[in-house]
Amino acid sequence: MSEPKRIAVTGAAGQICYSMLFRIANGDIYGPNQPVSLQLLEITPALGLLEAVKMELDDCAFPLLHEVICTDDPKVALKDVDAALFVGAKPRGPGMERKDLISDNGKIFSALGQTLNEVGNPDCKVVVVGNPANTNAYILKANAPKMNPRNITALTRLDHNRAISQLAEKTDSRIGDIKKMVIWGNHSTTQVPDITWASVAGKSAPDLVDTAWAHDTFIPTVAKRGAAVIDARGSSSAASAANGVVDHMASWVQGTPDGDWVSMAVPSDGSYGIEEGLIYSFPVTCKNGDYTIISDLEVSDAIREKMLASQTELNEERETVKDLLS
Ligand code: NAX
């Protein structure tokens with residue numbers, strides 16, 4: 001067996017992590033032959049709860065789980081990690097907009113970016129989950145100049161999975177029959193779920209559903225699904241978010257299948273006229289531990305307008321946190 005991969009997880013005693021850590025320890029990110037060590041970060045008052053999570057991890061006797069470190073010191077948690085999953089943040093409550101969270105959560109990500117810069121492995125793969133995820137990733141990137149900027153990403157895989165699920169339901173098909181879904185933009189209500197290139201059992205999705213459904217029902221249902229879950233359960237998505245993080249990392253590490261792609265929020269390379277460096281969700285393929293933005297799709301005017309609106313929102317969020325961009 002090879003050396004364990006070291007994975008930092010922040011907010012490790014929270015709801016998302018309670019569903020996620022057990023999947024990682026089971027090998028769901030790095031595969032069934034790769035041992036992992038977990039370096040778990042929490043704020044000091046939550047260390048007792050974190051210790052309870054460690055007890056349960058121990059009690060699972062996962063063959064691949066090499067070591068679990070519980071700490072409230074970011075320098076210990078982020079040291080020499082191969083992957084860092086930034087989940088810890090204040091979650092959005094009922095009636096709260098993501099923007100309300102920006103200033104509170106932004107400070108967490110500027111501080112963690114500086115620590116990652118100091119003690120992190122420069123090639124470490126980063127995914128930011130804590131909201132507003134794209135802007136927090138942007139803050140982290142700005143505060144961690146030694147890190148490979150390509151590897152600072154944010155989670156839109158939950159949105160991607162939600163979009164697949166909605167299309168499967170509408171077309172009465174199986175999840176596995178749906179390929180080439182796209183989420184463009186910000187992980188927020190301005191995101192643009194797009195079925196233009198999607199196929200359902202080999203048939204073009206736009207030929208199977210009417211345009212009005214794709215624009216007026218599908219897009220808002222996916223974009224507002226997070227709020228719908230909050231309304232239904234009184235707190236934000238946890239198990240499905242955890243699954244999204246595992247899928248995001250597993251695709252990145254192990255690759256995407258031929259003939260399909262996934263959505264990841266990554267630093268823009270200028271594709272589709274999106275400002276370079278902005279953390280923006282694109283369709284990507286993954287191979288050999290790296291991703292490639294699909295950059296040559298013909299986008300309709302209606303979708304482009306929405307893509308630009310999402311970019312505008314990201315620019316506004318960035319303006320709000322400009323003091324944190326060092
Ligand atoms: P919880 O409140 O259950 O857990 C968050 C944990 O983070 C808490 O245990 C808290 O003590 C810890 N924490 C707070 N500040 C910290 C810091 N500076 N360092 C380390 N740990 C810290 O929230 P949970 O439901 O797990 O959600 C976590 C984040 O994910 C929230 O920001 C939430 O909005 C976001 N989400 C993002 C999603 C996405 O698709 N990008 C979807 C789900 C979720 O809404």
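This report looks at the ligand site and the internal space of a predicted model.

## About the model

Residue numbers start from 1 along each chain as its sequence is written. Local features need pLDDT of at least 70 and side-chain atom pairs pLDDT 80 or more, while totals for chains, interfaces and linings use all residues, and side-chain values use heavy atoms, without hydrogens and water.

## Around the ligand

Let's start with the ligand's neighbours. There are 25 residues around the ligand (each with a heavy atom within 4 Å of it). Gln15, Ile16, Glu42, Val129 and Asn131 come nearest. By class, this shell holds 13 nonpolar residues, nine polar ones (Gly counts here) and three charged ones (Asp, Glu, Lys or Arg). Both domain 1 (5-154) and domain 2 (157-317) give at least three residues to the shell, with bounds from an automatic or database assignment.

## Polar contacts

Now look at the backbone, where polar contacts (N or O atom pairs within 3.5 Å) appear. Oxygen atoms of the ligand lie 2.8 Å from a polar backbone atom of Gln15 and 3.0 Å from one of Ile16. For Val129, a polar backbone atom is 3.2 Å from a ligand nitrogen. The protein covers 87% of the 870 Å² of accessible area that the ligand has on its own (Shrake-Rupley method, 1.4 Å probe).

## A cavity

What lines the largest cavity? Its lining residues (an atom within 4 Å of a grid point) are Asn134, Thr135, Tyr138, Leu278, Ile279, Leu314 and Arg318. On a 1 Å grid, a cavity is where a 1.4 Å probe fits but cannot get out. The largest cavity holds about 50 Å³ of space.

Methods: Polar contact = N/O pair within 3.5 Å; in protein donor to acceptor, adjacent residues only side chain to side chain. 1 Å grid on protein atoms, 1.4 Å probe; cavity = no way out; pocket = protein on both sides within 12 Å on 5 of 7 lines; lining within 4 Å. Points joined across faces, edges and corners; volume = space filled by probe spheres on them.
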